[in-house]
Amino acid sequence: MADSLKAPRVLGRSTWLSFRLPPFVRNEPTERVIGHRGSAGTMPENTRMAFREAWEHGCRVLGTDAQATADGVAVCFHDDNLQRVTGLPGTVADYRYSELLEKAQVHGPHGSSDSIMRIEELIEEFPYAQLVIDVKDARAIDPLVTAINSTRAAARICVTHAWDSWLEEIRDRTSPLLQRNLGWETLAALVHAVRTGERPDPAIHVANWAHIGYRNNGKELMSDPNFSQRFVRVAHSLGIGVRVWTVNDFSEASRLWNEGVDAVFTDLPKQMVQLSRSRDRQMHAAKILGF
């Protein structure tokens, strides 16, 4: 592999770890579904309402995004600015958390709305959930580390969607039990290796998961069955689990699971959990009948 595609040297330099932890997979139907921003298709995204909707319908892995307010509070919020979902001008970083509580309501489908939630609240209010947290900005690292350490929740958290150095720093500052995704650099290197047939750099073993788009900016990724089958095979050969975002087509979710994808992010976790459970029942019945 060309030098430019090798994993950055920061990987594997953790003072806590001298080995790689495996992905946290129990292969249960409720863990093959990740509630994207909670239940973004039916509730105001990244809010208490959205996370509760997903959890109450059996989704045991919740995905969110971490940003920091002006006074250093880690909150669940995705966009670069507040306009689309709240109507407010500016960004999360322009407001103190108390101001966001007073002024901001996240608007969702059918006239629903809810307030912006702190990461620490999410961790505490869903103590049995696994959490996947996108680190949207470097300013979110310090308050996110504080939230994880204060709640002692590292063992059920995976950090993702950031530079490799950010993700490794968060693990260094929390616990070796914290799981992490391939960073942007190493994911790009793995995609390149799959497309070209080259051997991936073994340094990417430090990551537990590869989170990859179904499509990204109009480019075919896991929506292409030829690519997706190869990607799953290569990632699994490295001991890295595969989770795909964002999948709302049920037939495509079934295809991806059939190919060995470990989980899908979806805006419709209620329906996707039902599908996953139904598939398990059908497969169990087929084994009993000898099909």
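**Figure 1. A salt-bridge network links Arg48, Arg118, Glu120, Glu121 and Glu125.** This is a predicted model, in which local features need pLDDT of at least 70 and side-chain atom pairs count only at pLDDT 80 or more, while totals for chains, interfaces and linings use all residues. Residues are numbered from 1 along each chain as its sequence is written, and side-chain values use heavy atoms, with hydrogens and water left out. A salt bridge here is a side-chain nitrogen of Lys or Arg within 4 Å of a carboxyl oxygen of Asp or Glu. Within the network, Glu120 pairs with Arg118, and their closest N and O atoms are 3.8 Å apart. Glu120 counts as partly exposed at 24% relative accessibility, and Arg118 is also partly exposed at 24%. For these labels, buried means under 20% relative accessible area, exposed means over 50%, and partly exposed lies in between (1.4 Å probe, protein chains only).

**Figure 2. Two further salt bridges, Asp79 with Arg84 and Arg255 with Glu259.** Start with Asp79 and Arg84, whose closest N and O atoms are 2.7 Å apart. Are the two partners buried or exposed? Asp79 counts as buried, with 12% relative accessibility, whereas Arg84 is exposed at 51%. Now move to Arg255 and Glu259, where the side chains meet at 2.9 Å, N to O. Here Arg255 is buried, and so is Glu259. If you would like to look for others, the structure holds 18 salt bridges.

**Figure 3. Helix 5 and the elements that its buried residues pack against.** Helices (H or I, at least four residues) and strands (E, at least two) are DSSP runs, numbered from the N terminus. Which residues of helix 5 are buried? They are Ile141, Pro143, Leu144, Val145, Ala147, Ile148 and Thr151. An α-helix has 3.6 residues a turn, so residues three or four places apart point the same way. The buried residues of helix 5 pack against strand 2 (61-68), strand 3 (74-76), strand 6 (130-135) and strand 7, as well as helix 4 (119-125) and helix 6 (164-173). Contact means heavy atoms within 4.5 Å.

**Figure 4. Ala147 in helix 5, with its contacts.** Ala147 is buried, at 4% relative accessibility. Setting aside neighbours within four places in sequence, Ala147 is in contact with Ile119, Glu120 and Ile123. Glu120 will be familiar from the salt-bridge network of the opening view. How far from Val73 is Ala147 in space? The C-alpha atoms of Ala147 and Val73 are 8.9 Å apart, although 74 residues separate the pair in sequence. For the protein as a whole, residues 24 or more positions apart account for 66% of the contacts with a separation of 6 or more.

**Figure 5. Backbone angles to look at: Arg152, Asn217 and the Trp245-Thr246 bond.** Most residues other than glycine have a negative phi, and most peptide bonds are trans. Arg152 follows helix 5 and has a positive phi, near 55°. The loop that holds Arg152 runs between helix 5 (141-151) and strand 7 (157-160), and Arg152 itself is exposed, with 80% relative accessibility. Asn217 also has a positive phi, near 55°. You will find Asn217 in the loop between strand 10 (215-216) and strand 11 (219-220), exposed at a relative accessible area of 75%. The peptide bond that joins Trp245 and Thr246 is cis, with omega about -25°. Thr246 sits in the loop between strand 12 (241-245) and helix 9 (250-258).

**Figure 6. A surface patch of positive charge formed by Arg195, Lys219, Arg230 and Arg233.** Patches are made of residues with over 30% relative accessible area and no salt bridge; like charges are joined within 9 Å, and nonpolar side chains (Val, Leu, Ile, Met, Phe, Trp, Tyr) within 5 Å. Lys and Arg count as positive and Asp and Glu as negative, while His and the chain ends are not counted. Each charge is placed at NZ of Lys, CZ of Arg, CG of Asp or CD of Glu. Arg233 belongs to helix 8 (residues 225-237) and is exposed, with a relative accessible area of 54%.

Technical notes:
Areas by Shrake-Rupley, 256 points an atom, 1.4 Å probe, with all protein chains shown as cover.
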